[in-house]
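Take your time with this one and turn the model around as you read. We'll pick a few spots and work out what is going on at each of them.

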Amino acid sequence: MTRVSEPGVLVVDDNPDKLLMVSLLLQKAGYQVFTAADGAEAFDAARRRRPLLVVSDVMMPRVSGIELCRLLRSDAELQNVPVLLVSALRVDDGSAVEGLTAGADDYLEAPYDPMLLVAKVARLAERARYENALRESEERFRLLIEGVRDYAIFMLDTEGRVASWNEGAERIKGYAADEITGQHCSRFYPDEDVRAGRAQQELAAAAAEGRHETEGWLVRKDGARFWANVITTALRDKAGGLRGFSRVTRDITERKLAEERLLHDALHDGLTGLANRALFTDRLEQAIERAKRHREYAFAVFFLDLDRFKLINDSLGHLAGDRLLIEVGRRLKASLRSGDTVARLGGDEFTVLLDDTKDAGDALRMAERVQQQLALPFDLDGHEVFVSASIGIALSALDYARAMDILRDANTAMHGAKALGKASLKVFDTTMHNRAKALLGLETYLRRAAERGEYRLHYQPIVSLQTGRLTGFEALVRWHHPKRGLLHPEEFLALAEETGLVIQIDRWVLREACRQSRAWQKRYPSESPLCISVNLSARHFSAPNLFEYVEQVLKESCLDAACLKLEITESVLMSDADHVTRSLGRLKSLGVELQLDDFGTGYSSLSYLHRFPIDALKIDRSFVSRIGPDGSNAEIAHAIVTMAHSLRMGVVAEGVETEEQSAELKAMQCEYGQGHLFSGAVDAQTAEAMIANGRTPHAPGPPTWGALKRRPALKPPPPAIKSKGAGRRH
């Protein structure tokens, strides 16, 4: 039978017939065979695959069989391979002696009996196998001896006293053989394990089971502890009687510490050291299960989001932001009880599992304590900063079944708290969840609204206050929801802003408004063509290709750029002044007009207006609505008009509702008005009817003398106009 697992026999001969004959003979005898045509080829083949032995002809071109012997004996890997030389020359011609001197193991004179060849090969093969096995055994033993220093290997008698001691035991445990022999193995255990009888228990288990393996703390001679793997084996005589124990101990402290570090890292936030989402979720699942078993048990979950963190991160840098997060984590832990779990989910979001709460009031008091701690100033490398947190609270009283559900609701409540203002608290109730589900459903419809063609444009006319002539429209988007009908912007634009869909909506509005405006211009040509005003969201200025898109729309619609007015809010200007200045400059280069919408409701810092290429201001409706029937409370509107004109900007007044407001604004030299006095937003057909008539249904004529006479003298404007919040209106 062929020995598949052992190396083959290398047969070498320059005579192909002899090579084939010997190969077939040995294969029939059960050997694997590979061949070579001369000594040089044979040496290369032997180095590629070490043979069991070599059968070689003596007389060959290039490298003879004798030279092959010398080559093999000079190679460290091949020097022990047996060689059988075969020659047609007589033994007494000296070649046999030369071959044996060169390292051959045997010599066969041709012609020969084939069975003699097989017998000699069998003898050499057996010797080769034995020597190979011996070398492998020696190598394994050498490796075992070299590695045994990592193990404490010693023998115990039947009572557990040390009977023998190796070098590894001395190195690991610190005792010399002469000072530990005869001592009980309990000496290696910590005091608490000695009192618990751990050593005796392990020996009893080994005696009963034959072999017992355990891991735990052991003690060195100097008192230092180390984590050890211990294998105790019972030694028995032929009759089965217990003769003692062998014990192998290995120090695995480093591995154990590494495992603990990996486990800690897997369950904790790398920056703050707090629990991470995985550990927090696990603790929360445990609390839910406990609440199911014990009806009197209650808990609460806080979801915290820091207010103004982005401002601190952007102004002082990410390293300062990281230090702030670390300090926030410390304060959270300090303000809560030891049994509560604090986690950082990521960014500036933290969660708290408030264990064993009495009622909602208990949770609210703890949340207020957290906010009080966070309200204290933080020192970040000499910078005193203040933060607060919006906290959403979800109570276990709602009988949650999954951790993700209560986390979701606490997060929903947190967003509700943010809507109330900074440092606010909000306890979750089911109406919030219903509202969140409704918003999610609305978002699903909103994402498909464009492809379904559900957006509509309405147009609110803008008139000249001096002549009453219709000068253009502001394009205002509506959404024809497939189930809820026509929706106004306040019902979906905030969601569009949050999801980023507002860019898609604004671009549709721009394209459709320009197309419609150009169609009206062609149908109703005039010396002063109608203009169209379109709002741009702040998100456009962080998105790519705004300039290219506006340029493309103007080309496609063939609308004169001077007839397009792009409206932006003050918040856009303050987000990244340098970037916005460059973006506005590129848009202005197209020839479009830039208008600042809702002026006065945002930052209202007059000092920055000269930096931006703004053509006109739109006075917010809140200032126009203050103008009374007798012209009173018009000071702020007048100040805005005066300031705009001093900067060579035009003015559009929004929210004009009465004849008196229109007359007052006209007297201030305000150029344009927009509001329900003239018309609300109308569909394209109604807007076209206005264009055909040349004016809106309620366009004013020249102001009456009485209206101007009733206007009181205007007071000088205040030095600065400041207001909070900057809305965006469609």
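Let's start with serine 424, which sits in the loop between helix 15 (403-420) and strand 17 (425-427). Keep in mind that this is a predicted model. Is serine 424 buried or exposed? Its relative accessibility is 13%, and buried means under 20%, so serine 424 counts as buried. Who are its neighbours? Leaving out residues up to four places away in sequence, serine 424 touches Gln371, Ala389, Ser390, Ile391 and Ala417.

Now zoom out for a moment. The protein chain has 26 helices and 26 strands. Of its 730 residues, 47% count as buried. Contacts also reach across the sequence: take those between residues at least 6 apart, and 63% of them join residues at least 24 apart.

What happens with the greasy side chains? In soluble globular proteins, nonpolar side chains tend to be buried together. Here, the largest nonpolar core has 78 residues. Phe473, Leu564, Leu584 and Leu617 are the ones with the most contacts inside this core. Helix 18 (residues 501-523) supplies the largest share of the core, nine residues. Apart from this core lies another one, made of 30 residues, including Leu306, Ala320, Leu324 and Val342.

Go back to leucine 584 and look at what surrounds it. Not counting residues up to four places away in sequence, leucine 584 touches Phe541, Ile568, Leu573, Leu594, Phe612, Pro613 and Ile614. One of those partners, Leu594, deserves a visit of its own. Leucine 594 lies in strand 23 (residues 593-599), and because its relative accessibility is 1%, leucine 594 counts as buried. With the same neighbours along the sequence left out, leucine 594 touches Leu566, Leu584, Leu587, Lys588, Pro613, Ile614, Asp615 and Ala616. Try finding aspartate 615 in the viewer: 21 residues separate it from leucine 594 along the chain, yet the C-alpha atoms of the two are 5.3 Å apart.

Next, let's see how helices pack. Two packed helices are described by the angle between their axes and the distance between the axes. Our example is helix 13 (residues 318-335) with helix 14 (residues 360-375): their axes are 9 Å apart and the angle is about 140°. How should we describe that pair? Roughly antiparallel would need an angle over 145 degrees, so helix 13 and helix 14 are oblique to each other. Their crossing is right-handed. On the helix 13 side, Val328, Arg331, Leu332 and Ser335 take part, and they meet Met366, Arg369, Val370, Gln373 and Leu374 of helix 14. Sorted by class, the contact of helix 13 with helix 14 has five nonpolar, two polar and two charged residues.

For a second pair, find helix 2 (residues 39-48) and helix 3. Their axes come within 9 Å and cross at roughly 25°. Angles under 35 degrees count as roughly parallel, so that label fits helix 2 and helix 3. The crossing of helix 2 and helix 3 is right-handed. Gly39, Ala42, Phe43 and Ala46 of helix 2 make the contact with Leu68, Leu71 and Leu72 of helix 3. This contact of helix 2 with helix 3 has six nonpolar residues, one polar and no charged ones.

Finally, a few oddities in the backbone. Most residues other than glycine have a negative phi, and most peptide bonds are trans. Arginine 62 has a positive phi of about 60° although it is not a glycine. You'll find arginine 62 in the loop between strand 3 (53-57) and helix 3 (65-74). Its relative accessibility is 67%, so arginine 62 counts as exposed. Aspartate 381 is no glycine either, but has a positive phi of about 55°. Look for aspartate 381 in the loop between strand 14 (378-380) and strand 15 (383-385); because its relative accessibility is 58%, aspartate 381 counts as exposed.

And where is a cis peptide bond? One joins alanine 110 and proline 111, with omega at about -5°. Proline 111 belongs to the loop between strand 5 (106-109) and helix 5 (114-147).

Notes: Residues numbered from 1 in each chain as written. Predicted model: local features only at pLDDT ≥ 70, side-chain atom pairs only at ≥ 80, totals over all residues. Heavy atoms only, no water. Core = buried A, V, L, I, M, F, W, Y, C linked by side-chain atoms within 4.5 Å. Buried < 20%, exposed > 50% of the residue type's maximum accessible area, 1.4 Å probe, protein only. Helix = DSSP H or I, 4+ residues; strand = E, 2+ residues; numbered from the N terminus. Contact = heavy atoms within 4.5 Å. Axes fitted to C-alpha atoms, helices over the stretch in contact; angles between N-to-C directions. Parallel < 35°, antiparallel > 145°, perpendicular 65-115°, else oblique. Left-handed = near helix turned anticlockwise from the far one by under 90°. Nonpolar A, V, L, I, M, F, W, Y, C, P; charged D, E, K, R; others polar.
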